[in-house]
Amino acid sequence: MAGRFAPRPTRTTVRGGETGVPAGRTPAPRQAVAPGRVRVWVPDGPLDLGLVLGPLRRGPGDPTFRTTPDGSVWRTGLTPAGPGTLRVLARGGEVRGEAWGPGAEWLLEQLPRLLGADDDPSAFVPRHRLLAHTAHRRPGLRLTRTGLVLESLIPSILEQKVTTLEAYRAWRLLVRKYGEPAPGPARMHVMPAPRTWALIPSWEWHRAGVDDKRASTILRAVRVAARLEEAAGMEPAAARARLEVVPGIGPWTSAETVQRSHGAPDAVTVGDLHLPGIVGFALGGDRDADDAVMLRLLEPYAGQRHRAARLVLLSGRVPDRRAPRMAPRRIERL
């Protein structure tokens, strides 16, 4: 999804925050490259690139996402038109997008949606002082909509029931090894195509620390990749229902996916290890809250529960740790 506001950077708090976008300054000289296609877009309100695009970053070493010293955010994507690289820079109230590769036109066409043009922050009415204060401090928060399902689904499957470090490491290793180099000037990678995921040998999943259950779920998903990508044009509830037809994809994974692919403001994540306790502590003083308590506390924000949860995570009001962070498992050593 990033931020470092919370004293315990679990996967949940990281994705609820933002990615650090350096303040714009002159970058170091680099080799001349062919210019990409350009689009300039003017948002209709405050826009914080770190908050909007932060949830798309899968760890500091994500080969598909990067920020640079000039204040740009770079991301790659496997679009319906092919692979592409997008650079986004916000300056003086306008956003400049520059894209390379076969998917450049598609990425630029989707640029406003990616930056939250379809999102309506005014629909959220805070009913708790903490949320009101955080929303006031973070006016640039909008919910991104990538329009791509698989690029959010696969890393979400990798994140099932493991630590942040394990999931991010697996994504980084697999994309670097099996993804193709990204078009354009950035030394990045594009996520592998569905067929490439399907051909990854079992021992390579093992070396990346991915157990058979998660690997099998990804293999089942990529076999019906076209049908899953069709879900990008559906309403979030219908899209989640289609995703959950695939064995191994449940409510947690489908919510994490449509939050990014659809910009779904009400797709609250259930089944998470930390989120119920964080929301319960912030809104009700109950650090032992379960999913039922969390949903009850978020009930006043029906239709905007995901936004409310993100504002909770951005507030930094989380309970102290009770135990050391869970140690990553290294199944590739078995």
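**Figure 1. Polar contact between D70 and R87.** In this predicted model, the side chains of D70 and R87 are joined by a polar contact of 2.8 Å. D70 sits in the loop that runs between β2 (65–67) and β3 (73–79). Its relative accessibility is 10%, so D70 counts as buried. R87 belongs to strand β4 (residues 82–91).

**Figure 2. Strand β5 and the strands paired with it.** Strand β5 covers residues 94–100, and 5 of its 7 residues are buried, which leaves the strand mostly covered. Strand β1 (residues 37–41) runs antiparallel to β5 and is joined to it by 5 bridges. Within this pairing, V38 has E98 as its bridge partner. Strand β4 is also antiparallel to β5, with 7 bridges between the two. Here A90 stands opposite V95. β4 and β5 form a hairpin with 2 residues between them. In the turn, G92 has a positive phi of about 55°. In a regular strand, side chains alternate between the two faces of the sheet.

**Figure 3. The largest nonpolar core.** This core holds 32 residues. The members that touch the most others are L150, L153, I154, W197, W205, V210 and I218. At least two core residues come from each of the helices α6 (150–158), α7 (164–178), α10 (212–223), α11 (225–230) and α12 (236–243). Another core, of 23 residues, lies apart from this one and includes L51, F124, V279 and L311. Nonpolar side chains in soluble globular proteins tend to be buried together.

**Figure 4. Surroundings of W197.** W197 has a relative accessible area of 0% and is therefore buried. Neighbours within four places in sequence are left aside in this view. Beyond them, W197 is in contact with I154, W171, L174, M191, P192, W205, I218, L219 and V222. Two of these partners, W171 and W205, join W197 in one aromatic cluster.

**Figure 5. Two stacked aromatic pairs.** The whole structure contains 4 aromatic pairs. In one of them, the ring centres of F124 and Y301 are 5.4 Å apart and the planes meet at 25°, so this pair is stacked. F124 is in the loop between α4 (111–114) and α5 (129–137), whereas Y301 is in the loop between α15 (291–298) and α16 (305–315), so the pair ties together parts 177 residues apart in sequence. F124 counts as buried at 9% relative accessibility, and Y301 is buried with a relative accessible area of 5%. W171 and W197 also form a stacked pair, with 6.3 Å from centre to centre and 20° between the planes. This second pair links distant parts of the chain, 26 residues apart: W171 in helix α7 and W197 in helix α8 (residues 194–198). W171 is buried, with a relative accessible area of 3%.

**Figure 6. Helix α16 and the residue after it.** Of the 11 residues of α16, 10 are buried, so the helix is largely enclosed by the rest of the structure. The buried residues are H306, R307, A308, A309, R310, L311, V312, L313, L314 and S315. One of them, L311, is also a member of the core of 23 residues. G316, just after α16, takes a positive phi of about 80°. An α-helix has 3.6 residues a turn, so residues three or four places apart point the same way.

**Figure 7. H274 and V318.** H274 is placed in the loop between α13 (251–261) and α14 (275–284). With a relative accessible area of 23%, H274 is partly exposed. Its C-alpha lies 9.8 Å from that of V318, although the two residues are 44 apart in sequence.

**Figure 8. The protein chain as a whole.** The chain has 16 helices and 7 strands. Buried residues account for 54% of its 334 residues. A compact globule with 334 residues would have a radius of gyration near 20 Å, and the 19 Å of this chain agrees with that. The C-alpha trace spans about 55 × 50 × 35 Å along its principal axes.

Notes: Residues are numbered from 1 along each chain as its sequence is written. This is a predicted model: local features need pLDDT of at least 70, side-chain atom pairs count only at pLDDT 80 or more; totals for chains, interfaces and linings use all residues. Side-chain values use heavy atoms; hydrogens and water are left out. A nonpolar core is a set of buried Ala, Val, Leu, Ile, Met, Phe, Trp, Tyr and Cys residues joined through side-chain atoms within 4.5 Å. Buried means under 20% relative accessible area, exposed over 50%, partly exposed in between (1.4 Å probe, protein chains only). Helices (H or I, at least four residues) and strands (E, at least two) are DSSP runs, numbered from the N terminus. Contact means heavy atoms within 4.5 Å. Two strands pair if DSSP finds at least two bridges between them. Rings of Phe, Tyr and Trp (its six-membered ring) pair if their centres lie within 6.5 Å; planes under 30 degrees apart count as stacked, over 60 as edge-to-face and the rest as tilted. A polar contact is a pair of N or O atoms within 3.5 Å; within protein, one must be able to donate a hydrogen and the other to accept it, and residues adjacent in sequence count only if both atoms are side-chain atoms. The radius of gyration is taken over C-alpha atoms; the globule rule is 2.2 Å times the number of residues to the power 0.38.
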